[in-house]
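I opened the notebook to look up sheets, pockets, cavities and ring pairs. My notes follow in the order I took them.

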Amino acid sequence: AVVNDELKPRYHFRSPRNWLNDPNGPMYFKGIYHFFYQYNPYGSVWGNIVWAHSVSTNLINWKALAPAIYPSEPFDIYGCWSGSATVLPGDKPVILYTGVDPEQRQVQNIAFPTNLSDPYLREWTKPDYNPVIPPEDGVNASAFRDPTTAWYAPNKHWTLVVGSKRDRRGMAILYRSKDFVHWIKAKHPLHSSKDIGMWECPDFFPVALKGRQGVDTSVYGDGVKHVFKVSLDATRYEYYTVGTYYHLMDKYVPDATSSDDHTGLRYDYGNFYASKTFYDPAKRRRILWGWANESDSAYTDKDKGWAGVQAIPRSIWLDDSGRQLVQWPIEEFKTLRGKHIFVKNKNIPSGGFLEVKDVQTAQADVEVTFDVGSLEKAEEFDPYYVDDAQAFCAKKTAETRGGVGPFGLLVLASANREERTAVFFRVFKAQSKYMVLMCHDPTRSSKRESTYKPTFAGFVDIDIAKTRKISLRSLIDHSVVESFGAGGKTCITSRIYPSVAIGENAHLFVFNNGAQDVKVSELNAWEITEPEMNDEIIY
Ligand code: DQQ
């Protein structure tokens, strides 16, 4: 094989084989977490899409079941595309998904568990009255997909949105129903934005103003704000805003502090798409799932026989500032931590390195806190890049000497560091404050040329002049690097395909390419053990 099978992620959600994309219909039902996903049963490129199905009791170990929803009826014969689950009162789960019909129209269909007493909910029934939401009334039938989880609105209607566009206007078209079967299109979308293109996989949910607990999707009122997320087909990135849901008009208005377009907030500034949240009533939290595609060629994907993983499920909550969300790997993930190394109070001189030894780091969890000390040498911020962290990082790479930073980790590095992916921060002095940039720079991640090695970056909204400290956590899984800056305020996921830094040959370093020293206050690195990951299919 062109790509060594050792590059297969071991603890990220993946399928036994073949192509995987969007997370679908995540839910908790009677002690079991259900996870569905877009899947091609016949190959490792996109096509023949069905809803594959896995179950878990802890979101870490997964058992694969047979596909739950697959093309069988005229209303979904050309594909069973993305959608969501809603657990109706009385513990009755229901799925709404997009079907592609013989005229290539995108329609919304409903499916119910065939046997509610099967704890795995293996079989799903699609009633003959489908589709329940056809593309009528001016709706663009080839841009009409990905229904959300429904919420029970104060006007006593079940309410949901479907992603769409009208000309270049991205739209979240709103539908209401009394019985979940008959749906009526509202006059106005929940939200729309001009000149932006198709909104795929919208998500809409409340977040508590205080604390980290999640709230059920139907909660509204004083104690919450709302979050609206879209996957923007035009850029293949996701954007979210924090705002207010005016339930009398079924209108969502983003706060002035968050912007709707490509300058806005992202869950993840890297390879992360088609995400979806669900409320977990067992642990009162909201959990985010997102897809991390391969960044290798389709030719290689065919050769290795699998493609795509899901990022580690993340708990999400509103930051104290009220301006953005915070994300953190679900607490269950810690149960996979094995051998551990601890480093304390190490000065990393300007231009210096520190190797983290005695621990295997191809499959690891690393947490580090940096103390930047003085900010006197911080480089001048270039306002041209205020809305484009990614372009800024492409210019100021890990190799570009700085003032305060670049400092951070070199992950999946060869022993001589010729191969490495830099995960780092850089502090700038802007007019009235300091700006912190967080980057993934994989330009030297592999000697192989076919792989796509984009730099990814986002700004980190912290007051570094006050804290002087910044934390970084990176989950490394052979060909996945998933990083959380400042406790989960800025997240970046990359797919990396080393040619040397594989398995036991993968090394981990701390580096500092700034003009001034920085200190590692603390560093913890754990080897991660391999969970049960969909290895056998239970029928
Ligand atoms: N993937 C699905 C669509 C969705 C897109 C098809 C997003 O429903 O819009 O596999 O990745």
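I began with β1 and its partner β2 (residues 32-40). The two strands run antiparallel and are joined by seven bridges. I picked out one position: Leu20 stands opposite Tyr39 in β2. I note here that I am reading a predicted model.

Next I asked which sheet holds β1. I found an open sheet of six strands, in the order β21-β1-β2-β3-β4-β38. Its pairing is mixed. The edges are β21 (306-307) and β38 (533-538), and each of them pairs on one side only.

β1 came up again when I turned to the pockets. The second largest pocket has a volume of about 370 Å³. I looked up which strand gives the most to its lining. That is β1, with four residues. β1 (18-29), β5 (80-88) and β19 (273-280) each supply at least two lining residues. I counted 19 residues in this lining. Those nearest the centre are Thr86, Val87, Asp216, Tyr279 and Pro281. By class, I logged 11 nonpolar, five polar and three charged residues.

Then I went to the largest pocket. I noted a volume of about 830 Å³. Its lining has 33 residues, and Thr263, Leu265, Tyr269, Val386 and Phe459 lie nearest its centre. Four elements give two or more residues to this lining: β17 (237-246), α2 (389-395), β31 (434-441) and β32 (456-460). Which domains does the lining draw on? I found at least three residues from each of domain 1 (5-329) and domain 2 (332-529). The lining of the largest pocket divides into 15 nonpolar, 10 polar and eight charged residues.

β17 sent me to another sheet. This one is open and has four strands, in the order β15-β16-β17-β18. The pairing is antiparallel. β15 (199-208) and β18 (251-254) are the edge strands, each pairing on one side only. Neighbouring strands here are turned by 40° against each other on average, direction ignored. I checked the β15 edge in detail. Eight bridges join β15 to β16 (residues 224-232), and the two run antiparallel. I also looked up Pro206: its bridge partner in β16 is His226.

I searched for enclosed space next. How many cavities of 30 Å³ or more does the whole structure have? The search gave four. The largest cavity holds about 80 Å³ of space. I listed 15 residues lining it, and the closest to its centre are Tyr11, Phe13, Leu59, Ile312 and Pro313. I sorted this lining by class: 13 nonpolar, two polar and no charged residues.

My last lookup was aromatic rings. The whole structure gave 41 aromatic pairs. I took Phe381 and Phe428 as my example. Why is this pair edge-to-face? The planes of the two rings stand at 70°, so the pair counts as edge-to-face, given that the cut-off for that class is over 60 degrees. The ring centres are 5.9 Å apart. I then placed both residues along the chain. Phe381 sits in the loop between β28 (379-380) and α2, while Phe428 belongs to strand β30 (residues 421-429). The two are 47 residues apart, and the pair links distant parts of the chain. I had already met α2 among the elements lining the largest pocket.

Note on methods:
Residues are numbered from 1 along each chain as its sequence is written. This is a predicted model: local features need pLDDT of at least 70, side-chain atom pairs count only at pLDDT 80 or more; totals for chains, interfaces and linings use all residues. Side-chain values use heavy atoms; hydrogens and water are left out. On a 1 Å grid over the protein atoms alone, a cavity is a set of points where a 1.4 Å probe fits but cannot get out, and a pocket is an open set with protein on both sides within 12 Å along at least five of seven lines; lining residues have an atom within 4 Å of a point. Grid points are joined across faces, edges and corners, and a volume is the space filled by probe spheres set on the points. Ala, Val, Leu, Ile, Met, Phe, Trp, Tyr, Cys and Pro count as nonpolar, Asp, Glu, Lys and Arg as charged, and the others, Gly among them, as polar. Domain bounds come from an automatic or database domain assignment. Two strands pair if DSSP finds at least two bridges between them. Axes are lines fitted to C-alpha atoms, for helices over the stretch in contact, and angles run from 0 to 180 degrees between N-to-C directions. Rings of Phe, Tyr and Trp (its six-membered ring) pair if their centres lie within 6.5 Å; planes under 30 degrees apart count as stacked, over 60 as edge-to-face and the rest as tilted.
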